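Consider the charged side chains of a protein model, and how they pair with one another. Please look through the sequence and structure below with that topic in mind.

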Amino acid sequence: MSATGTGTGHVVVIGAGIAGLAAAHRLLARGARVTVLEASGRVGGKLLPGEIAGVRVDLGAESMLARRPEAVALAREVGLAERLQPPATATASIWTRGALRPMPKGHVMGVPGTAAALSGVLSEEGLARIERDAYLPRTEVGDDVAVGEYVAARLGREVVDRLVEPLLGGVYAGDAYRISLRSAVPQLYQAARTHDSLTLAVREIQAKAAANQQTGPVFMGIEGGVGTLPLTVADSVRARGGEILTGAPVTELRRVAPGGTGETGGPAVGGPQPTGPADAHGVWRVVAGDRVLYADAVVVAVPAPAAAALLRAEAPAAAAELAAVEYASMALITLAYRRADAELPAGSGFLVPPVDGRTIKASTFASHKWGWIADEDPDVVVLRTSVGRYGETAVLDRDDADLVAVSRHDLREATGLDATPLKTRVTRWTGGLPQYPVGHHARVARIREHVARLPALAVCGAQYDGVGIPACVASAYAAVDQLAGDLRGVEALTAAPVQSLHGGAGE
C-alpha cells in the first residue's frame, strides 16, 4: 500500500507478541505512524521472562534458531548484541527404553542418513528396518503427507516413535502422524519428491549443508532470557514514536468509506481520520474498548482464534480457515535446587518419546545449557520440564502441585535426582502452539488469498509459516512488505516455510 510505503500512513498492529512488535519496528523504520493494540496486560506473547529463587529464567520459549538471520538480527538492532549467548552445551539425551541415551547425530529432525546413526536408541530390529529403505519402491508424497506416515513407510515406526516424535513434539507439542511434512520439515518434503530412498535424500541434505560450511551456533539465547527480547523491541518501538496500548482488546475491525468515520465510541486514540493516499479508497476502523482508531493499514498479528473473530465481518472465508486451526496446550514446570543437592547428568537435558509412557515430554537443565543462568547464583541449579501434547488434556487438568510432583517423579526415574526443590513454578500455555497438520500449507495459502482481496491488510504470526521466533519475525516482515506492495517475502515463505528446528531438550 502506498501510504505505508511512503511513510505517510497510520498503521494499526493488532497483537504485541514478537510478530506484532517486529512488524511495528519495521513499519517505524519505514516512516509509518504506528499504534500497537494488545489485549492482555503485557507485551511478548509466548516469550515471558521471570525468576525463580532469585535467578532470572525464561518461563516460555528459551532459545531461537540462529541459522536463520531474522531473530538474531532484530536482537542486535534493538541493542542486545552483547547479551546474545549460544548454549554452553548442545549435548542432549533421549530417555527411552529405560535409560538416558546420547541424542544421535547425523539426522534431519530424527530421520537418519544411515541406520548406524541411531544405534543405541533403536532396537536391532528397528535398525534392520532402516536398511530396507534402499530397496523399497518409491513412496509418493503428493501435495503433502504426515511426517510420521512417510518416515514409517520408509524406515519403520520405531524411528518415528523413538526419535522423530519427541523432536517434533518439542517444537509443536503435536503428533508426528498428523504433522505436515511439507510445512514442518520442508527440505525433507522436497527431497521425498525427487528421491526413491529417504536415507539417500538425508545424506544429500547433509552433504549440501556441509558444503555451505555454515559456522557459528545453531541456536542462540539472550542473557536474562529470550523473554527480554520483546520487552526491548517494545522499548525501541516507543523510542521511535510508536504507541503500544496494553489491556486493549480489539472488538471490531471494519473497512469504512472515506468520510464515513463519524461513529462515536470514545476518543479516537489513533488520531483523526487518515488523509494519506489510502484516503480515496477507504480506511480501517478499529474498535478497542472505548477507543476508536482509524488507520490506513492494519497488521493482524494475533493467534488464529482471535484473528478469525476479527476478520469475520470483512473476510469471512479467511476467518473460517483460521477458525479451523487447532492448538495444543502445554505447561512448563521450573524447579530450583541447591547445587549441593542436585547432581545432574552432563548435557543440556533430555527428550522423552511418548511411546515410553512417561508424563513429562522433556527436561532442560537450564543451568547447564545457559552460562548466564549458572552465573546468576552458583549455589542454585535450575531445570525445567514440560508436559502436554496435542490431544492430551487430562495431565493439564492437574493442579500445580500435582504437575510438580509428577515432574519430580520422572526426573528421579531418569536422573536419580531426589532432592527437595528450593522453589517451583508452573507456567501454563493454554492453546499455546498452533498445529501444522497435513494440508497446512494449502490452508495458509487460502488465508492469504482471501486477505489479499482486502486493501491495506496483512496477517502474520506463528500459525502461518513456522512457530519459532525467527519464523514469527520473518512472517511480520513479509506482512509489512506486503502492505508496501512487495510480495517477495510472502512468496518466499510460501515456497519454503521457516523450519522450526528443535532447540534442545525442553524447547
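The following paragraphs go through some of the salt bridges and the surroundings of their partners.

The model is a predicted one, and it holds 25 salt bridges. Side chains of opposite charge can pair when their charged atoms come close.

One of these contacts is made by E321 and R446, whose side chains meet with an N to O distance of 2.6 Å. Because E321 belongs to helix 12 (residues 316–323) while R446 belongs to helix 16 (residues 440–452), the pair ties together parts that are 125 residues apart in sequence. E321 is buried, at a relative accessible area of 14%, whereas R446, with 33% relative accessibility, counts as partly exposed.

Helix 16 also contains R448, and D465 lies in helix 17 (residues 462–465). These two residues form a salt bridge in which the closest N and O atoms are 2.6 Å apart, and so the pair ties together parts that are 17 residues apart in sequence. Here R448 counts as buried, at 10% relative accessibility, and D465 is likewise buried, with a relative accessible area of 3%. Elsewhere, R26, R30 and D481 are joined into one network by salt bridges that share partners.

A further salt bridge brings together the side chains of E392 and R389, with 3.4 Å from N to O. In this pair R389 is buried, having a relative accessible area of 8%, while E392 counts as partly exposed at 31% relative accessibility, since the buried class ends at 20% relative accessible area.

Definitions and conventions. Residues numbered from 1 in each chain as written. Predicted model: local features only at pLDDT ≥ 70, side-chain atom pairs only at ≥ 80, totals over all residues. Heavy atoms only, no water. Salt bridge = Lys/Arg side-chain N within 4 Å of Asp/Glu carboxyl O. Helix = DSSP H or I, 4+ residues; strand = E, 2+ residues; numbered from the N terminus. Buried < 20%, exposed > 50% of the residue type's maximum accessible area, 1.4 Å probe, protein only.
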